[in-house]
Amino acid sequence: MSQGPRSGLAAVSSALLAMSRHLEVRDVLKTIVASARELLDAQYAALGVPDDHGGFAQFVVDGVGEEQWKAIGPLPRQHGILAAMLQEARPQRLADVRKDPRFEGWPSAHPEMSDFLGLPVRDGDEVLGALFLANKLRPAGGNPPYAPGVEPQGGCGFTEDDEELLSILAQHAAIALTNARLYERSRELTIAEERSRLAHELHDAVSQKLFSLRLTAQAATALVDRDPARAKGELQQVAALAAEAADELRAAVVELRPAALDEDGLVATLRTHIQVLDRAHTARVTFTSQGVRALPAAQEEALLRVAQEALHNALRHSGAQRVEVMLGKRGPGTVLRVTDDGGGFDPTTVRRAGRHLGLVSMRDRAGGVGGTLTVESAPGRGTTIEMEAPGG
């Protein structure tokens with residue numbers, strides 16, 4: 001195998017570790033492409049994930065600036081060499097891609113490419129994508145770099161060793177990409193479970209309010225002729241119950257909109273969520289945030305879900321009059337703390353009784369993003385739930 005500046009075992013190991021570290025599909029694709037370009041000393045690298053309509057669902061490049069990428073235009077279609085890699089599912093190593101009979105040109109803003117190495121990323125018989133490199137910058141042995149876009153003397157600048165190395169990288173890329181897809185599917189299932197839980201909560205909470213509202217309205221109707229003063233009081237109660245039911249609905253709507261994380265970020269989403277809960281419940285619910293920056297999407301979602309579960313327990317089960325939520329920095333990480341002055345509980349008794357109050361789910365969420373969860377509680381002394389996550 002060639003001995004370029006990044007072709008050693010340590011470099012390969014670093015690339016594989018980097019790929020396995022990410023959970024989001026887009027992050028995995030970017031890491032694969034950047035690792036391939038660096039390891040094989042290429043000027044350009046790209047990875048396309050095909051859709052079912054002759055195009056690419058995702059197409060990630062490395063070595064092309066943002067402005068140039070915008071100028072190139074829409075994502076490529078599955079034609080020419082790209083189609084060959086997807087359909088024939090075998091490596092393509094060319095001295096000059098422009099002279100290949102399958103070459104069909106590219107947009108005017110596209111960079112010039114000559115020597116080319118590409119191969120499919122496969123999971124068994126399924127082709128997950130096409131990974132390719134262009135313009136080898138340095139020949140094997142560490143000689144002076146090739147001029148970009150100029151065919152090296154003697155044929156393709158990419159060697160058989162380069163092809164072997166890229167094949168190893170592609171095999172691990174398939175594993176990382178498959179894992180990332182499974183993770184995203186599990187998130188979708190988790191969101192579905194959350195929606196089901198919220199539907200049950202909504203049904204219970206709002207149904208109780210509406211049942212009380214109906215009984216109170218009936219009582220007011222019966223009293224309106226013989227005792228107008230009492231009827232007026234009952235109607236005032238109807239108005240209060242209707243307002244509470246509306247607040248419950250608003251709170252549920254906020255919880256059913258996790259997309260706000262993508263648009264507003266964790267701090268703003270939590271603040272809005274807690275403001276709604278403060279209006280919807282008799283307990284005072286407050287939120288403070290100190291110096292927290294944007295986190296990876298997985299961490300932000302885990303912190304939000306843990307906060308929601310802890311708030312649910314505090315407001316539905318603890319009898320708390322005050323609930324405080326704090327999000328802040330702790331060393332290199334981010335910490336979420338939810339504290340209530342409710343009745344508290346004995347965590348060991350809860351576990352023995354098979355009742356978890358969502359603790360297992362919260363620990364799983366924290367552990368899934370490399371974080372930790374601690375619970376402090378005792379009967380009559382309130383509860384503090386704290387999650388610490390890396391980053392931020």
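## Strand β9 and its hairpin

Along strand β9 the side chains alternate between two faces: L373, V375 and S377 point to one face and are buried, while T372, T374 and E376 point to the other face and are not buried. The model described here is a predicted one, and this alternation is a convenient place to begin reading it.

Strand β9 runs antiparallel to β10, and 6 bridges join the two. One of the residues already named takes part in this pairing, since T372 has E388 in β10 as its bridge partner. The two strands form a hairpin with 5 residues between them, and in the turn G380 has a positive phi of about 80°.

## The sheet that contains β9

The hairpin belongs to an open sheet of 5 strands, whose order is β6-β7-β8-β10-β9 and whose pairing is mixed. At the edges stand β6 (284-290) and β9 (372-377), each with a single partner strand, so one side of each is left without a neighbour in the sheet. On average, neighbouring strands of this sheet are turned by 10° against each other when direction is ignored.

Further along the order, β7 (residues 322-330) and β8 (residues 333-340) pair in the antiparallel sense over 8 bridges. Within this pairing, K329 stands opposite T334 in β8.

## Helices packed on this sheet

Helix α8 (residues 297-317) packs on the sheet and touches β6, β7, β8, β9 and β10 (383-390), while its direction makes about 10° with that of β8. Helix α10 (residues 359-368) also packs on the sheet, where it touches β9 and β10, and its direction makes about 150° with that of β9. Strand β9, which stands at an edge of the sheet, is thus touched by helix α8 and by helix α10.

## The antiparallel sheet

Another open sheet is formed by 5 strands in the order β2-β1-β5-β4-β3, and here the pairing is antiparallel. Its edge strands are β2 (56-62) and β3 (92-94), each of which pairs on one side only. Neighbouring strands of this sheet are turned by 15° against each other on average, again with direction ignored.

Inside this order, β4 (residues 116-123) and β5 (residues 126-136) pair in the antiparallel sense over 8 bridges, and R122 stands opposite V127 in β5. Two helices can be described together with these strands. Helix α2 (residues 25-39) lies across β1 (42-50), β2 and β5, running at about 40° to β2, whereas helix α4 (residues 80-88) lies across β1, β2, β3, β4 and β5, running at about 140° to β5.

## Aromatic pairs around F59

A search of the whole structure finds 5 aromatic pairs. In one of them, F59 and W69 are stacked, with 6.1 Å from centre to centre and 5° between the planes. F59 lies in strand β2 and W69 in helix α3 (residues 66-72), so this pair ties together parts that are 10 residues apart in sequence. F59 has a relative accessible area of 8% and is therefore buried, while W69, at 26% relative accessibility, counts as partly exposed.

F59 also forms an aromatic pair with F132, and this pair is tilted, with 6.3 Å from centre to centre and 45° between the planes. The pair links distant parts of the chain, with F59 in strand β2 and F132 in strand β5, 73 residues apart. F132 is buried as well, because its relative accessible area is 10%. Ring pairs link F56, F59, W69, F116 and F132 into a cluster.

## The protein as a whole

The protein has 10 helices and 10 strands. Of its 392 residues, buried ones make up 44%, and the protein exposes about 20,000 Å², of which carbon and sulfur atoms supply 51%. When contacts between residues at least 6 apart in sequence are considered, 63% join residues at least 24 apart. The pair of F59 and F132, whose residues are 73 apart, gives an example of a link between distant parts of the chain.

Definitions and conventions:
Residues are numbered from 1 along each chain as its sequence is written. This is a predicted model: local features need pLDDT of at least 70, side-chain atom pairs count only at pLDDT 80 or more; totals for chains, interfaces and linings use all residues. Side-chain values use heavy atoms; hydrogens and water are left out. Two strands pair if DSSP finds at least two bridges between them. Helices (H or I, at least four residues) and strands (E, at least two) are DSSP runs, numbered from the N terminus. Axes are lines fitted to C-alpha atoms, for helices over the stretch in contact, and angles run from 0 to 180 degrees between N-to-C directions. Contact means heavy atoms within 4.5 Å. Rings of Phe, Tyr and Trp (its six-membered ring) pair if their centres lie within 6.5 Å; planes under 30 degrees apart count as stacked, over 60 as edge-to-face and the rest as tilted. Buried means under 20% relative accessible area, exposed over 50%, partly exposed in between (1.4 Å probe, protein chains only). Accessible areas come from the Shrake-Rupley method with a 1.4 Å probe; for residues, only the protein chains shown count as cover.
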